[in-house]
Amino acid sequence: MTLGEAKVGSTVVVVKVEGNGAFKRRIMDMGLTKGTQLYIRKVAPLGDPVEVTVRGYELSLRKEDAKCVLVK
């Protein structure tokens, strides 16, 4: 399942970050690395962006970026 498909209020664990080069590095620099727990706080009314709590701070990701983060 991808981060974009996760339900609001659930806690998930990052399995893999897909992508290449600068994009993957940017996502990983935000703290989304393998094994990290994420809490899905909320999703905007039109589904974009997704707000998650990661490593003690809130992070908003575009739906397109959230599709590249595989979670379980």
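A salt bridge here is a side-chain nitrogen of Lys or Arg within 4 Å of a carboxyl oxygen of Asp or Glu. This is a predicted model, where local features need pLDDT of at least 70, side-chain atom pairs count only at pLDDT 80 or more, and totals for chains, interfaces and linings use all residues. Residues are numbered from 1 along each chain as its sequence is written, and side-chain values use heavy atoms, leaving out hydrogens and water.

The search of the whole structure returns six salt bridges. Three of them are tabulated, including their closest N and O distances.

| Acid | Base | Closest N and O atoms |
|---|---|---|
| aspartate 29 | arginine 25 | 3.4 Å |
| aspartate 65 | arginine 26 | 3.5 Å |
| glutamate 51 | lysine 42 | 4.0 Å |

Start with helix α1. Helices are DSSP runs (H or I, at least four residues), as strands are (E, at least two), numbered from the N terminus. Aspartate 29 and arginine 25 both sit in helix α1 (residues 21–29), four residues apart, or about one turn of the helix. Aspartate 29 is exposed, at 56% relative accessible area. The cut-offs are under 20% for buried, over 50% for exposed and in between for partly exposed (1.4 Å probe, protein chains only).

Arginine 26 pairs with aspartate 65. This bridge links distant parts of the chain: arginine 26 belongs to helix α1 and aspartate 65 to helix α2 (residues 63–66), 39 residues apart. Arginine 26 is partly exposed at 37%, while aspartate 65 is buried at 6%.

Glutamate 51 bonds to lysine 42 through a salt bridge. Shared partners join Arg41, Lys42, Glu51 and Glu58 into one network of salt bridges. Glutamate 51 is buried at 17%; lysine 42 is partly exposed at 43%.
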